[in-house]
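Here are some exercises to work through with the model open beside you. Try each task before reading its solution.

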Amino acid sequence: MFFEAILPSHSTTPTLPGSELTNLEKDHAILTLRQTIGPQAASLEDDHLRQFLLANAWNLEGAQRQLQNALLWRAQQGADDFPVATKTNKLPLLVSVRGYEYVEDGHVQSDPRLSEAAVRIINHMGGSCFHKFDKEGHPVLIDRTGHHQMKEIGSDITDEELTNFQLACNEFLHRVLLAEATDRTQHSVTRETVIADCSDMGLWQFHMNGLLKVKLVADHFQAHYPETLHRLFIVNAPSAFLVMWKVIKPWLDKRTLDKVHILGKDYRDVLLKYIDEDALPSYLGGNCTCSHLPGGCAPSVHDGSIPMLEKSSHNLVSENPYNPDIMAQAKADPGLRKVAKRTVASK
Ligand SMILES: [Zn+2]
């Protein structure tokens, strides 16, 4: 959900805005952060360190604290061992995808390898789809925000289940889609663009338990995956959204608000400024229909375009999104954790 992408961390008081630093000073800050973290930073890319500095307005102490907390959290969650779906391993998708090379087009559907929790969560979600790239090469997530079942998300999913599901989705974004975006553009791509489609949103979604659960999980993710939002377009926002927006807005910082475009019904020209016509679904004003798959560009189990997932005896009770045997296999098999061979040509 888009909430995860936009909520600010509660890290530090900014001391020095990045715009006041020269590139040399920024490079020096990255190097200093790397040296401060020590061996744990050896496998981290400079751009990863940069995200933590950006999130802390280039305050080294704050970035160090946030990064150390993130590394500890990742170790506690076993994040590095989480499986991700790729074209090669053909694990079931936790979010629908369209238009990538490192994972086949597909949609969320019943699968014996999913846990029982994943089936429940996917059925309560409105339907999200990673759909191609924007003009600058960021993967675009279309979130069917208006279809999220907030009451059920609040009452029928535990914090751990939602956290682990979102962790798996974030790892999929980073290890598969952002990896492809980076190879495709030949420069580091560390952010996504999000279109939150509020069609069909109603006051029935303004369910405090659900919102608080989403906020709890969002706080985790903004702290541990900072600076991953490039732009957020909120389209088809109804009046009910304005009620929700009043609750959400105070949680956001100015820099985050600058990335957010609230567009109501007049969104087409703005979206086309940032996303090519062929990469934008026709129902959002572009040319794409993704007619080769059920549900078109952004399938949802709540508009009947794809069926609700059915639980079977194979979907085992677990706080993780995949069954325990898949989680165990992923620890030993790198092919379940990353793209087998990064070969996409630059464009
Ligand atoms: Zn499409």
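The exercises below go from confidence to the sheet, then to the zinc site and a few single residues.

**Before you start**

This is a predicted model, where local features need pLDDT of at least 70, side-chain atom pairs count only at pLDDT 80 or more, and totals for chains, interfaces and linings use all residues. Residues are numbered from 1 along each chain as its sequence is written, and side-chain values use heavy atoms, with hydrogens and water left out.

**Exercise 1. Find out which element has the lowest mean pLDDT and which the highest.**

Step 1: Start with the overall score. pLDDT is the predictor's confidence in each residue, from 0 to 100. The protein averages 89, and 93% of the residues score at least 70.

Step 2: Go element by element. Helices (H or I, at least four residues) and strands (E, at least two) are DSSP runs, numbered from the N terminus. Helix H1 (residues 2-6) comes out lowest with a mean of 45, while S1 is highest at 98.

Step 3: Look at the start of the chain. The pLDDT is below 50 over residues 1-15, and this stretch has 60 contacts in the model beyond near neighbours in sequence; a contact means heavy atoms within 4.5 Å. Where pLDDT is low, don't read the predicted coordinates in detail.

**Exercise 2. Work out the strand order of the sheet and what stands at its edges.**

Step 1: Trace the order. Two strands pair if DSSP finds at least two bridges between them. Six strands make an open sheet, S1-S2-S3-S4-S5-S6, with mixed pairing.

Step 2: Check the edges. Strand S1 (96-98) and strand S6 (260-264) each have a single partner strand, so one side of each has no neighbour in the sheet. From one strand to the next, the twist averages 20°.

Step 3: Follow the pairs around S2. S1 and strand S2 (residues 128-133) run parallel, joined by three bridges, and Val97 sits opposite Phe130. S2 and S3 are antiparallel over four bridges, with Cys129 opposite Ile142. Their hairpin has five residues between the strands, and Gly137 there has a positive phi near 100°.

Step 4: Add the helix. H7 (residues 159-185) packs on the sheet and touches S1, S2, strand S3 (139-143) and strand S4 (192-197); its direction makes about 15° with that of S2. For such angles, axes are lines fitted to C-alpha atoms, for helices over the stretch in contact, and values run from 0 to 180 degrees between N-to-C directions.

**Exercise 3. Identify the protein donors of the zinc ion and name their arrangement.**

Step 1: List the donors. These are N, O and S atoms within 2.8 Å of the metal (3.2 Å for Na, K and Ca); water is not among the atoms, so sites may look incomplete. His131 (NE2), Cys288 (SG), Cys290 (SG) and Cys297 (SG) lie 2.1 to 2.3 Å from the zinc ion.

Step 2: Check the angles. Four donors count as tetrahedral if all angles lie between 85 and 135 degrees. Here they are 104 to 114°, so the arrangement is tetrahedral.

Step 3: Place the donors along the chain. Their spacing is H-x156-C-x1-C-x6-C. His131 in strand S2 and Cys288 in the loop between helix H11 (268-274) and helix H12 (324-332) are 157 residues apart, linking distant parts of the chain.

Step 4: Check accessibility. Buried means under 20% relative accessible area, exposed over 50%, partly exposed in between (1.4 Å probe, protein chains only). His131 is buried at 1%, and so is Cys288 at 8%. Five of the six residues of S2 are buried, so that strand is largely enclosed by the rest of the structure.

**Exercise 4. Decide whether Gln186 is buried or exposed, and do likewise for Glu227.**

Step 1: Note the backbone. Most residues other than glycine have a negative phi. Gln186 has a phi near 65°, and Glu227 has about 60°.

Step 2: Locate them. Gln186 is in the loop between H7 and S4, and Glu227 is in the loop between helix H8 (208-224) and strand S5 (229-235).

Step 3: Read the accessibility. Gln186 is exposed at 57%, whereas Glu227 is buried at 6%.

**Exercise 5. Which residues does Asn164 touch, leaving out those up to four places away in sequence?**

Step 1: Find Asn164 in helix H7, where it is buried at 7%.

Step 2: Collect the partners: Gln77, Phe82, Glu319, Asn320 and Pro321.

Key:
Tetrahedral: all angles 85-135°; square planar, octahedral: opposite > 155°, others 65-115°.
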